[in-house]
Amino acid sequence: MQPADIDGDGDSDLIVAEFGWRQTGHVYLLINEPQPDGSPQFARRELDSNHGASRVMPVDLDGDGQLEIVALFAQEHERLRCYRRSESGWSEIQDLYRAPHPGWGHSSVQPADLDGDGDTDFVLTNGDSYDNALLKPYHGIRWLENLGDFAFAEHLLTDMPGSYSSAAADIDGDGDLDLVASALAEPELGHTDLTGIASLVWLEQTDPGTFQTHVLETGLLRHPYLTLHDHNGDGLADVFVGQGCFDDTRRKPNEPCVQIWTNQGS
């Protein structure tokens, strides 16, 4: 769920992704229609009745000052979809990206101007292995380059089995955006040997649109989410990594649920 002033009336509305399955699952708006005393009240507006939506975000893709809504779908729909205003409401729907097949395994999306040209690109990860416990050879991290007029070009940045989350920041302080990504795969699902498989990587942008992969950690594919933040105030982005575990008996004594990887610069 993401807040945004979708109707431009000065209050916060809500955009909701309801994942669901088969007969359930939607993308919808909760439009804030305050009561006379100022307390919030929300009216539901359905945008999409397809299931599998896992992420939603407000973003101005065409630079006209009005927000579009973008949703990432997994399950068999496997696409990045945009909802645009029209005279009859949010009736203009356009797929910005469609995966080659229904087992693609989309896991996360992040808006980021990776090439620094002033528009919004997207970073997609596809690494969901919770359908059949197989790490797929097509799992990886992709950059959708904004070409204008709601057209996007796909660029594979790196293969990464189990790729599950990513975040963008200038990790090395050279003025462009880099990426950090994590992976998730559970031994209980049949992943018996994860030795040597990258679980946390830094993608360094060495030239515009060119990335070099640095493996920070291998074998511990237990990271469903990460975020970047300067936790010690030194001006460098550090990495906060969530640690997910279905079987708590595998957790070591006093093992944290969140790790911080401190950026030590050069």
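Trainee: Where in the chain is Ser 49 found?
Mentor: Keep in mind that this is a predicted model. Look for two strands, S4 (42-48) and S5 (53-59). Ser 49 sits in the loop between strand S4 and strand S5.

Trainee: Which residues does Ser 49 touch, not counting residues up to four places away in sequence?
Mentor: Start with His 26, which is 23 residues apart from Ser 49 in sequence. In space, the C-alpha atoms of Ser 49 and His 26 are 4.6 Å apart. With residues up to four places away set aside, Ser 49 touches Gly 25 and His 26.

Trainee: How many helices and how many strands are there in the protein?
Mentor: You've already met S4 and S5, two of the strands. For the protein, the count is 0 helices and 19 strands.

Trainee: Why does the radius of gyration agree with a compact globule?
Mentor: The protein has 266 residues, and a compact globule with that many would have a radius of gyration near 18 Å. Along its principal axes, the C-alpha trace spans about 55 × 45 × 40 Å. The radius agrees with the globule because the protein has 19 Å.

Trainee: What share of the residues is buried?
Mentor: Buried means under 20% relative accessible area. Of the 266 residues in the protein, the buried ones make up 47%.

Trainee: And what part of the accessible surface belongs to carbon and sulfur atoms?
Mentor: The accessible surface of the protein comes to about 12,900 Å². The part belonging to carbon and sulfur atoms is 49%.

Trainee: How far apart do the centres of the positive and negative side chains lie?
Mentor: Two sets go into this: 15 positive side chains and 47 negative ones. The distance between the centres of those sets is 11 Å.

Trainee: Which strands give two or more residues to the largest nonpolar core?
Mentor: In soluble globular proteins, nonpolar side chains tend to be buried together. Here the largest nonpolar core has 18 residues, and Leu 114, Ile 141, Leu 157, Met 160, Leu 179, Val 201 and Leu 203 touch the most other members. The elements giving two or more residues to this core are strands S11 (140-148), S14 (178-183) and S15 (198-207).

Trainee: How many residues are in the other core?
Mentor: That core lies apart from the largest one. Among its members are Leu 72, Tyr 97, Trp 104 and Phe 152. The number of residues is 17.

Trainee: Is Met 160 buried or exposed?
Mentor: Met 160 is found in the loop between strand S12 (151-159) and S13. Leaving aside neighbours within four places in sequence, Met 160 is in contact with residues including Ile 141, Ala 181 and Val 201. Because Met 160 has 1% relative accessibility, it counts as buried.

Trainee: Which residue that is not a glycine has a positive phi of about 45 degrees?
Mentor: Take the loop between strand S6 (68-73) and strand S7 (79-86), where Gln 75 is found. Gln 75 isn't a glycine, yet has a positive phi of about 50 degrees. The loop between S6 and S7 also holds the residue you're after, and its phi is about 45 degrees: Glu 78.

Trainee: Is Gln 75 buried or exposed?
Mentor: The cut-off for buried is under 20% relative accessible area. Gln 75 has a relative accessible area of 15%, so it is buried.

Trainee: How far apart are the C-alpha atoms of Ile 31 and Ser 182?
Mentor: Ile 31 is found in strand S3 (residues 26-32), and at 11% relative accessibility it counts as buried. Along the chain, Ile 31 and Ser 182 are 151 residues apart. Their C-alpha atoms are separated by 34 Å.

Trainee: Why does Ser 166 count as buried?
Mentor: Ser 166 lies in strand S13 (residues 163-169). Leaving aside neighbours within four places in sequence, its contacts include Ser 108, Val 123 and Leu 226. Ser 166 counts as buried because its relative accessibility is 10%.

Trainee: What is the relative accessible area of Pro 111?
Mentor: Pro 111 lies in strand S9 (residues 106-112). Beyond neighbours within four places in sequence, Pro 111 is in contact with Met 57, Thr 120, Asp 121 and Phe 122. Pro 111 is partly exposed, with a relative accessible area of 37%.

Terms used. Residues are numbered from 1 along each chain as its sequence is written. This is a predicted model: local features need pLDDT of at least 70, side-chain atom pairs count only at pLDDT 80 or more; totals for chains, interfaces and linings use all residues. Side-chain values use heavy atoms; hydrogens and water are left out. Helices (H or I, at least four residues) and strands (E, at least two) are DSSP runs, numbered from the N terminus. The radius of gyration is taken over C-alpha atoms; the globule rule is 2.2 Å times the number of residues to the power 0.38. Buried means under 20% relative accessible area, exposed over 50%, partly exposed in between (1.4 Å probe, protein chains only). Accessible areas come from the Shrake-Rupley method with a 1.4 Å probe; for residues, only the protein chains shown count as cover. Lys and Arg count as positive and Asp and Glu as negative; His and the chain ends are not counted. The place of a charge is taken as NZ of Lys, CZ of Arg, CG of Asp or CD of Glu. A nonpolar core is a set of buried Ala, Val, Leu, Ile, Met, Phe, Trp, Tyr and Cys residues joined through side-chain atoms within 4.5 Å. Contact means heavy atoms within 4.5 Å.
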